[in-house]
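Visitor: I would like a close look at the disulfides in this model. Please take me through them one at a time, and then through the parts around them.

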Amino acid sequence: KNIRPVYKLLGYFPADSCTTNLSGQTYMPELCADGTCSQHDGLSGWNEGTSLETFPPSASPNGSAWTWEQCAGKCATNTQCEFWTLQLAGNQHCTLFKDKGEYMYTANHIQGDQDPDCVPTTPSPVTP
């Protein structure tokens, strides 16, 4: 479960840092950006939760299918998103969620928690 929002509400992390509390003590640095977009959880299933947004394959960057990195990027740029799920078969939607609930052991799904390192980067323009 993504507990970063709860810790921020409790005052463990000020808005500008996720590694120190208001007293300057370091807490749970594993919840902070580490420079690498975390891969999905490796399981083939999904958690129930409150759906925030659902994106069909036609909304993906190539217009036909989402990658886990792209779905994770959508979650990383949504302030309410706590985790994402990508359906690998069927409708192949990328769905953003909050309020993680019961885990459903079903095939053809992957998911991951919100990760600030998954924010998509825009390529720098080429200068002549």
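Guide: What follows goes through the disulfides, then the helix and sheet beside them, and last the rings.

Bear in mind that this is a predicted model. How many disulfides does it hold? The count comes to three. A disulfide is a covalent bond between the sulfur atoms of two cysteines. The cut-off used here is a pair of cysteine sulfur atoms within 2.5 Å.

Start with Cys 37 and Cys 118. Their sulfur atoms are 2.0 Å apart, and they form a disulfide. The pair links distant parts of the chain, 81 residues apart. Cys 37 sits in the loop between α1 (4-9) and β1 (46-47). Cys 118 belongs to the segment after β6 (109-113). The angle about the S-S bond is 95°, and this link is right-handed.

Are the two ends of this link buried or partly exposed? Buried means under 20% relative accessible area. Cys 37 has 22% relative accessibility, so Cys 37 counts as partly exposed. Cys 118 has a relative accessible area of 5%, so Cys 118 is buried.

Now take Cys 71 and Cys 94. A disulfide joins them, with 2.1 Å from S to S. This pair also links distant parts of the chain. Cys 71 is in helix α2 (residues 68-76), and Cys 94 is in strand β4 (residues 94-98). They are 23 residues apart. The torsion about their S-S bond is about 95°, so this disulfide is right-handed. Both Cys 71 and Cys 94 are buried.

That leaves Cys 75 and Cys 81. Their sulfur atoms are 2.0 Å apart, and they form a disulfide. Here the angle about the S-S bond is -100°, and the link is left-handed. Cys 75 has 0% relative accessibility, so Cys 75 counts as buried. Cys 81 has 4% relative accessibility, so Cys 81 counts as buried too.

Next comes the helix. Which residues of α2 are buried? They are Trp 68, Cys 71, Ala 72, Gly 73, Cys 75 and Ala 76. Two of the cysteines already described, Cys 71 and Cys 75, are in that list. What do these buried residues pack against? They pack against β3, β4 and β6. The helix α2 lies across β2, β3, β4 and β6. It runs at about 145° to β3.

Those strands make up a sheet. Four strands form an open sheet in the order β2-β4-β3-β6, and the pairing is antiparallel. The edge strands are β2 (50-55) and β6, and each pairs on one side only. From one strand to the next, the twist averages 20°.

Look at the pairing at each edge. β2 and β4 pair in the antiparallel sense over five bridges. In that pairing, Glu 53 has Leu 96 of β4 as its bridge partner. On the other side, five bridges join strand β3 (residues 83-87) to β6, and these strands run antiparallel. The bridge partner of Phe 83 is Asp 113 in β6. Is β6, as an edge strand, enclosed or exposed? Four of the five residues of β6 are buried, so β6 is largely enclosed by the rest of the structure.

Finally, the rings. The structure holds four aromatic pairs. One of them is Phe 83 with Phe 97. Their ring centres are 5.1 Å apart and their planes lie at 10°, so the pair is stacked. The cut-off for stacked is planes under 30 degrees apart. Phe 83 lies in strand β3 and Phe 97 in strand β4, so the pair ties together parts that are 14 residues apart in sequence. Phe 83 has 1% relative accessibility, so Phe 83 counts as buried. Phe 97 has a relative accessible area of 10%, so Phe 97 is buried as well.

Two lysines sit over rings. The charged end of Lys 100 sits over the ring of Phe 83, 5.0 Å from its centre. The charged end of Lys 74 sits over the ring of Phe 55, 4.5 Å from its centre.

To go back to the request: α2 holds Cys 71, whose disulfide partner Cys 94 is in β4. The buried residues of α2, Cys 71 and Cys 75 among them, pack against β3, β4 and β6.

Technical notes
Residues numbered from 1 in each chain as written. Predicted model: local features only at pLDDT ≥ 70, side-chain atom pairs only at ≥ 80, totals over all residues. Heavy atoms only, no water. Buried < 20%, exposed > 50% of the residue type's maximum accessible area, 1.4 Å probe, protein only. Pairing = 2+ DSSP bridges. Contact = heavy atoms within 4.5 Å. Axes fitted to C-alpha atoms, helices over the stretch in contact; angles between N-to-C directions. Phe/Tyr/Trp six-rings, centres within 6.5 Å; stacked < 30°, edge-to-face > 60°. Lys NZ or Arg CZ within 6 Å of the ring centre and 35° of its normal.
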